Amino acid sequence: MTNFNQLKKISFTFVLLIIFIINAALVAKIECKGVDLSDEMYFQKLVVSSFRTLNTKDSFGSDSKRNGESGSLHLLMTDESVAKLFEEPPKMKVTLITRHSLLTKEFLDKLSTETSKIGTELKISGLVLLSNMKPPKEFSPVSTYPQQETGLHPDSKYKWNPSGNSLFYNSWDFPIMYLPNYSQSVEVYNQAKSNSKNDSYPRYGGHLKGFNYAQFNSKVCLRRGFCDLIGGQSVYSFLGGGYDHEKETVLFHSAIDSLSFFPMDSPGYDSSSASVAALLAAIDAVYDEKRNGGISLDDWKSAPTQIMFGFWEAEKFGHLGTLRFLESYDQKIDNFNKDNINKIIELTQIAINSNSEIYAHIEHEHKNENKNENKNKNENKNENENERRHEHEKKDGSKSKSEELRQFLNSVSEQGNNVGIKLPKILNASLNTPGLPPSSSESFLKMNSKIATVALADFNEQFVNKYYSSVFDEMKLGNSSQVIAVSNLIARSIYAQAFQLTNMSKIPQTLKIDHDLIRSIQNCLSIDNFCSLYNNYFDDTFGYYWPTNYPSVYQDSSAAIHSAFIKNFIQLLISKKEKQCKSDSDCKKNQDCIKSNCYNTVAYYHPAYSTNVNWNEDKGYYEIGNKKNAVWSESVWSVIDFKSFVISSPSIDIALIVIGFILIIFYYCLIYFGLKLNKKYSFFNFQKN
């Protein structure tokens, strides 16, 4: 008697064997080509995202669902295409491919509003911005008065940064990503363009994933463990490597961090990198006895004035580096007295100027916050300037300390140009501003308003950098000869201040910076994160795929690559190589392990994060205090990911399903009639066991 169940088992086994052979052949074919199966299905892209940041009050940035979302690539390159998107929404969910010139608050708000409506036809999985497009005429995602809340003029309505659109300080519930890689941008553009030309299938889709765990604000997310404090390590040092607490101190400093709408791509060339390069090259020059007139380390140590160098981290988040240094100094230097600082020269934005000129900004002694601000835009400009013309003069006709410092810089510049060293012409900044522009010096003046302070900048009344704190703040915007000229000015000013010179002709004519060095530093900080110069200061280079001067999250035991480079650069200038090491623990106290050798510590890290938090050892998280200072944090996020892929036609999918059902019916019909025939003709004899 025929055993129907046994026949089914044999038939099913036979079918599985055929399927296994076919699959094995396909996999073998792919592996022979050396290709991952997922690579055949997806086109992986290297992206950065507008991830979530938080402060004491709110959260900002973009977000995605935990597993991300997919959509058909939809090209948005013109205002007309944006209008059509809302007037005639696509019938399917889309991944928008666009450019920075269309990335406005109005557009993103409307997109958020329309996609959140119940029953809306417009459905998106997110936005991807391309890098192969021309940059917009201006794009600055921060405010028109950066770092105003922690500055000297928190109530001012002045606009230092007229290009500022404050996009960074907004929040959206869909992912917004950026493709920095040019070739990948071209590829995605062509994929989206092919979709726009043809409504048929196959077409290209995109999958975006960048889930953020933190919600609400820093206080909530720190307690829940879903975010980390934004911050890093500032670096400071003293000329000659030692510190004398009895001497008056002159501080030369600069911020070292930058920001953008996509923080992991924050080149910050004009906003910080050029200034850092100029100051480091100046330090290199004054330490070189062949260029400094034979001045040794001991000579610098015995100079009548103490010179201090400061490189401040996380300044773009409300002066976190300088505020923590001033309010919570960590006592790495014995008897350090910040009250001895009586002069400050700061490098702010210095790179965008082709006229060999630099503006010297000082704080106005008679401030008038709301009256006549932005007079450069009004017809009463001359009247306003006349009103404030003499406010930097004392009643006896003498100059204020800041004005005297500005005159000092002018004297250094004139003397250098007279002997054939190209230095920038010092121009007095306009009186029609609140005073000092956004700068690290504001923190010091809030502590002691009597400090003589000059901030050097490439702008007068408003930023000339139209891309401040954006991905477009790149080295190609700047003028290399301008940065070199400013660096020479700083090197010669350091010398003159250290020895309290009144006759600038005593500055050695040989005191000039190394042009190749300053270009290499700028390249490392703004273009090439794996530059050859870094090999001189690190055993292994580390960092992101491209330079970013975003401070990232605070970690007590580590520093961002730009901070580590600054510290090691200064260390190796004057410290002698001692015994070999693998880590700092192998060296003596007050020594650092650099390039597998111990060096005496002459440059120091200082924590840079909010002064309004305290670590609770029992609870295991940072608690926010009662100060007004903002507490910035970065959300813990999942893998940031963007893939494009091919979407097959729904009709093909339906056809495959139909074919599958037909094959199933055919298979069972074959078995059914096969059993009938076998019963009649006894081809096979299946007996019960």
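Which backbone atom lies 3.4 Å from a polar atom of the side chain of Thr150? The legends below, written for close-up views of a predicted model, begin with this residue.

**Figure 1. Thr150 and its surroundings in the loop between S7 and S8.** The atom in question is the backbone oxygen of Gly318, which lies 3.4 Å from a polar atom of the Thr150 side chain. Thr150 touches Gly318, and it also touches His319, Leu323 and Lys446, when residues up to four places away in sequence are not counted. Thr150 has a relative accessibility of 10%, and it therefore counts as buried, a class that requires a value under 20%.

**Figure 2. Val142 in the loop between strand S7 (124-130) and strand S8 (176-179).** Val142 is buried, with a relative accessible area of 3%. Gly164 stands 22 residues away from Val142 along the chain, yet the C-alpha atoms of the two residues are separated by 5.3 Å. Gly164 is also among the residues that Val142 touches, not counting those up to four places away in sequence. The other residues touched by Val142 are Asn161, Asn165, Ser166, Tyr169, Leu259, Tyr468 and Ser469.

**Figure 3. Asn465 in the loop between strand S17 (452-457) and helix H13 (480-498).** Is Asn465 buried or exposed? Its relative accessible area is 1%, so Asn465 is buried. The side chain of Asn465 makes a polar contact of 3.4 Å with the side chain of Asp473. A polar atom of the Asn465 side chain also lies 3.5 Å from the backbone nitrogen of Tyr468. When neighbours within four places in sequence are left aside, Asn465 is in contact with Asn161, Asp270, Gln349, Ile352, Asp473 and Leu477. Asn161 also appears among the residues touched by Val142, the subject of the preceding figure.

**Figure 4. Val471 in the loop between S17 and H13.** Val471 counts as buried, at 4% relative accessibility. Which residues does Val471 contact, leaving aside its neighbours within four places in sequence? They are His100, Tyr178, Ser260, Phe262, Asp265 and Pro267. The C-alpha atoms of Val471 and Phe139 are separated by 9.0 Å, and these two residues are 332 residues apart along the chain.

**Figure 5. The packing of helix H7 (residues 269-287) and helix H14 (residues 515-526).** Two packed helices are described by the angle between their axes and by the distance between those axes. For H7 and H14 the angle is about 145°, and the axes are 9 Å apart. The crossing of these two helices is right-handed. On the H7 side, the residues that meet H14 are Tyr269, Ser273, Val276, Ala277, Ala278, Leu280, Ala281 and Asp284. On the H14 side, the residues are Leu517, Ile518, Ile521, Gln522, Leu525 and Ser526. How many of the residues in the contact of H7 with H14 are nonpolar, polar and charged? The contact comprises 10 nonpolar residues, three polar residues and one charged residue.

**Figure 6. The backbone at Ala314 and Gln500, each with a positive phi.** Most residues other than glycine have a negative phi. Ala314 is not a glycine, yet its phi is near 60°. Gln500, also a residue other than glycine, has a positive phi of about 50°. Ala314 is found in the loop between strand S13 (306-312) and helix H9 (320-327), whereas Gln500 lies in the loop between H13 and H14. Ala314 is buried, with a relative accessible area of 0%. Gln500 counts as partly exposed, because its relative accessibility of 48% falls between the limits of 20% and 50%.

**Figure 7. The protein chain and its regions of low predicted confidence.** The secondary structure of the chain comes to 16 helices and 24 strands. Of its 689 residues, 54% are buried. Among contacts between residues at least 6 apart in sequence, 80% join residues at least 24 apart. The average pLDDT of the chain is 87, and 85% of the residues score at least 70. Over residues 30-38, however, the pLDDT is below 50, and this stretch has three contacts in the model beyond near neighbours in sequence. The pLDDT also stays under 50 over residues 367-387, for which the model has 38 contacts beyond four places in sequence.

Conventions. Residues are numbered from 1 along each chain as its sequence is written. Side-chain values use heavy atoms; hydrogens and water are left out. Helices (H or I, at least four residues) and strands (E, at least two) are DSSP runs, numbered from the N terminus. Buried means under 20% relative accessible area, exposed over 50%, partly exposed in between (1.4 Å probe, protein chains only). A polar contact is a pair of N or O atoms within 3.5 Å; within protein, one must be able to donate a hydrogen and the other to accept it, and residues adjacent in sequence count only if both atoms are side-chain atoms. Contact means heavy atoms within 4.5 Å. Axes are lines fitted to C-alpha atoms, for helices over the stretch in contact, and angles run from 0 to 180 degrees between N-to-C directions. A crossing is left-handed if the near helix is turned anticlockwise from the far one by less than a right angle, and right-handed if clockwise. Ala, Val, Leu, Ile, Met, Phe, Trp, Tyr, Cys and Pro count as nonpolar, Asp, Glu, Lys and Arg as charged, and the others, Gly among them, as polar. pLDDT is the predictor's confidence in each residue, from 0 to 100.
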